[in-house]
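This briefing introduces a single protein chain to a reader who has not met it before. Please look over the sequence and the structure before turning to the notes below.

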Amino acid sequence: MTVIHVENIVKRYGNHIALDHVDFAINEGEILGLLGPNGAGKTTLIHALTGIIRFDSGRIHVFEKNLVQHLVDIKSQIGLVTQEITIFHDLTAKENLQFFGRIYGLRGATLKERVEATLALVGLAGHASKLPSKFSGGMQRRLNIACALVHQPRLLIMDEPTVGIDAQSRNYILDTIRKLNKQGTTILYTTHYIEEVQSLAKRVVIMDEGHIIADGTVEELVSKIHHEEKIKLEIEDPSETMLKKLRRIEGIKQVGLIGKEVHIISQAGAGNLDRVLAIAREFGKIYSVEAEKPSLEDVFLTLTGKRLRDAEEE
Ligand SMILES: Nc1ncnc2c1ncn2[C@@H]1O[C@H](COP(=O)(O)OP(=O)(O)OP(=O)(O)O)[C@@H](O)[C@H]1O
Ligand SMILES: [Mg+2]
């Protein structure tokens, strides 16, 4: 089943096109990483998908129903974690969850059970009666996520949920996402942290300036950019004979010697690391090996000429 199907969406703010003919789809059970720098249009896309803003043209189907025509029904099955934390600071953790649970029609024993289970899921069972103003940023974010999960949505949409929070909460959140996905929840996850996408999502959509510029698995995207692979070897006795032998391997573009370090540039995907090591071993001990493969960051750089994160955020 296609959980989200976006066709040709356009959203303008005055003269500025925030979404410029965007197409993409998510299948049931997927974790999709939506990656893009500031201002790419990620939040705008999420707001369009959840009926928060109107779009100018195109079509959106969620759960194979037209979003505009079935908005109320569709929204009842979505959990949305917005970019800004939205919780009530004058309600306890438990009361926050009760509030959101009631909005989704939960009452009585079911509500009680869901509130307890969801607090436990995000690791806040021991903090149920506390006010979130006493919480760390990471705990507030976990409560915020719980509020989006109390009604057991089929689709969870998260807009940069790990920005500016401590490593422990971040790992907790990533683990919670994996757990929910194993139970069948489809997840759209927005971030500008490449490592998170690589560890969570099989498929990645990259946005920039209102466009989708890449869509595929991490491996597919990396193999699309015909980047080079760098191999660095530190060996006992790097002789000229060995260098000559290395240069004869197919797909090897360059072999150089800097001190005792052999620097090799190979065509990416040629699988040359094993061949290089086999030859090097014939000539003595190998002290160290480093192989650098192109990453999603390289894909992004190649496609846009920009880095994903602004320098001051690193
Ligand atoms: N309400 C609005 N009015 C005018 N312009 C807007 C509005 N909302 C967003 N924009 C513009 O649309 C573009 C996309 O913004 P959006 O918030 O979707 O980006 P984003 O990818 O979520 O960025 P970030 O990573 O910073 O959250 C930006 O140029 C932004 O300035
Ligand atoms: Mg945003």
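The notes below begin with the chain as a whole and then turn to selected helices and residues.

The model is a predicted one. Its chain is made up of 314 residues, of which 47% are buried. The secondary structure consists of 11 helices and 14 strands.

**The chain as a whole**

- Taken along the principal axes, the box filled by the C-alpha atoms is roughly 80 × 45 × 35 Å.
- The chain has an exposed area of about 15,700 Å², and carbon and sulfur atoms account for 49% of that area.
- If contacts between residues at least 6 apart in sequence are considered, 68% of them link residues at least 24 apart.
- There are 39 positive and 42 negative charges in the chain, and the mean positions of the two sets lie 4 Å apart.

**Helix α6**

- Helix α6 covers residues 167–182, which is 16 residues.
- At 1.5 Å a residue, this helix should span 22 Å, and the 23 Å between its end C-alpha atoms agrees with that expectation.
- The buried residues of α6 are Ser169, Ile173, Leu174, Thr176, Ile177, Leu180 and Asn181.
- Seen down the axis of α6, these buried residues fall within an arc of 155°, so they line one face of the helix.
- An α-helix has 3.6 residues a turn, so residues three or four places apart point the same way.
- Ala167, Gln168 and Lys182 are exposed on the other side of α6.
- The cover over the buried residues of α6 includes the strands β3 (31–35), β7 (155–159) and β8 (186–191). It also includes the helices α4 (108–121), α5 (137–149) and α7 (194–200).
- Glycine 184, just after α6, has a positive phi of about 110°.

**Helix α11**

- Helix α11 is formed by residues 296–304, and Leu296, Glu297, Val299 and Phe300 are buried in it.
- Because these buried residues fall within an arc of 160° when seen down the axis of α11, they line one face of the helix.
- Among the elements that cover the buried residues of α11 are β3, α7, β9 (203–208), β10 (211–217) and α8 (218–224).
- Both β3 and α7 also belong to the cover over the buried residues of α6.
- Just after α11 comes glycine 305, with a positive phi of about 70°.

**Leucine 45 in helix α1**

- Leucine 45 belongs to helix α1, which is formed by residues 42–49.
- With a relative accessible area of 0%, leucine 45 is buried, because the cut-off for that class is under 20%.
- Leaving aside residues up to four places away in sequence, leucine 45 touches Leu19, Val22, Phe24, Leu34 and Met207.
- Between leucine 45 and glutamine 267 there are 37 Å in space, C-alpha to C-alpha, and the two are 222 residues apart in sequence.

**Two residues of helix α10**

- Aspartate 274 is part of helix α10, which is formed by residues 272–282.
- The relative accessibility of aspartate 274 is 59%, so this residue counts as exposed, the cut-off being over 50%.
- The C-alpha atom of aspartate 274 is separated by 37 Å from that of glutamine 168, and the two residues are 106 apart along the chain.
- Arginine 275 also lies in helix α10.
- The relative accessibility of arginine 275 is 43%, so this residue counts as partly exposed.
- Not counting residues up to four places away in sequence, arginine 275 touches Ile249 and Ala270.
- A separation of 50 Å lies between the C-alpha atoms of arginine 275 and histidine 47, which are 228 residues apart along the chain.

**Positive phi angles outside glycine**

- Asparagine 8 is not a glycine, yet it has a positive phi of about 55°.
- Asparagine 8 is located in strand β1, formed by residues 2–13, and is partly exposed, with a relative accessible area of 39%.
- Glutamine 152 is likewise not a glycine and has a positive phi of about 50°.
- Glutamine 152 is placed in the loop between α5 and β7, and at 55% relative accessibility it counts as exposed.

Note on methods. Residues are numbered from 1 along each chain as its sequence is written. Chains are lettered from A and ligands numbered from 1 in the order in which they are written. This is a predicted model: local features need pLDDT of at least 70, side-chain atom pairs count only at pLDDT 80 or more; totals for chains, interfaces and linings use all residues. Side-chain values use heavy atoms; hydrogens and water are left out. Helices (H or I, at least four residues) and strands (E, at least two) are DSSP runs, numbered from the N terminus. Buried means under 20% relative accessible area, exposed over 50%, partly exposed in between (1.4 Å probe, protein chains only). Contact means heavy atoms within 4.5 Å. Accessible areas come from the Shrake-Rupley method with a 1.4 Å probe; for residues, only the protein chains shown count as cover. Lys and Arg count as positive and Asp and Glu as negative; His and the chain ends are not counted. The place of a charge is taken as NZ of Lys, CZ of Arg, CG of Asp or CD of Glu. The expected span of a helix is 1.5 Å times one less than its number of residues. The arc is that of the directions from the helix axis to the C-beta atoms.
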